[in-house]
Amino acid sequence: MGEARRVMQMGAGARGPMPGQPQQIQVDITKTTINPCECGHDLFVPAIRRRKISALLSPTGTELPVNEAVMVCMKCGALGK
Ligand SMILES: [Zn+2]
């Protein structure tokens, strides 16, 4: 009887991390490579693109403003990918 109980406890403990938890990735920045813009510049600034949901798709039945976060090249203004 005692043996069966111990196996069950081990089984529960052997499960991995909880699903749905965001994985924090630790990266040494000196071991990464630069991902520049098509123009060659490698500095970007965060920007907001204003969008709107049409009344047909909106849950409230009226047009709704939505903000989309984007990155913009500081030199040529192209969107970062
Ligand atoms: Zn650029």
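There are one helix and two strands in this chain, and I should say at the outset that what we are looking at is a predicted model. Read from the N terminus, the order of the elements is α-β-β. Before going into the strands, a word on the chain as a whole: it has 81 residues, and buried residues make up 1% of them. If we take the contacts in the chain with a separation of 6 or more, 44% of them come from residues 24 or more positions apart.

Let me turn to the two strands. Strand S1 covers residues 44-53, strand S2 covers residues 64-73, and they pair in the antiparallel sense over 10 bridges. To give you the register, Pro 46 has Met 71 in S2 as its bridge partner, and for Ala 47 the bridge partner in S2 is Val 70.

Are these strands buried or in the open? For S1, the number of buried residues is zero out of 10, so this strand lies largely in the open. The count for S2 is likewise zero out of its 10 residues, so S2 too lies largely in the open.

Within S2, I would like to look at two residues, beginning with Glu 68, which is found in that strand. Glu 68 counts as exposed because it has 9 other C-beta atoms within 10 Å, where the cut-off for that class is 12 or fewer. Which residues does Glu 68 contact, once its neighbours within four places in sequence are left aside? The answer is Ile 48, Arg 49 and Arg 51. With Ile 48, which is 20 residues away along the chain, the separation between C-alpha atoms is 5.5 Å.

The second residue is Val 72, also found in strand S2. Here the number of C-beta neighbours inside 10 Å is 16, and Val 72 therefore counts as partly exposed. Not counting residues up to four places away in sequence, Val 72 touches Phe 44, Val 45 and Ala 47, and it also touches Gly 77, Leu 79 and Gly 80. Of these, Val 45 lies 27 residues from Val 72 along the chain, and their C-alpha atoms are separated by 5.3 Å.

Finally, let me step outside the strands to Asp 42, whose place is in the loop between helix H1, residues 2-13, and S1. Asp 42 has 13 other C-beta atoms within 10 Å and is therefore partly exposed. What does Asp 42 touch, if we do not count residues up to four places away in sequence? It touches Ile 34, Pro 36 and Cys 37. There is also a longer-range relation to mention, since Asp 42 and Lys 75 are 33 residues apart in sequence, with 8.8 Å between their C-alpha atoms.

To close, I would come back to the pairing of S1 and S2, antiparallel over 10 bridges, in a chain where buried residues make up 1% of the total.

How values were computed:
Residues are numbered from 1 along each chain as its sequence is written. This is a predicted model: local features need pLDDT of at least 70, side-chain atom pairs count only at pLDDT 80 or more; totals for chains, interfaces and linings use all residues. Helices (H or I, at least four residues) and strands (E, at least two) are DSSP runs, numbered from the N terminus. A residue is buried if 20 or more other C-beta atoms lie within 10 Å of its own, exposed if 12 or fewer, and partly exposed in between; C-beta atoms are placed from the backbone. Two residues are in contact if their C-beta atoms, placed from the backbone, lie within 7 Å. Two strands pair if DSSP finds at least two bridges between them.
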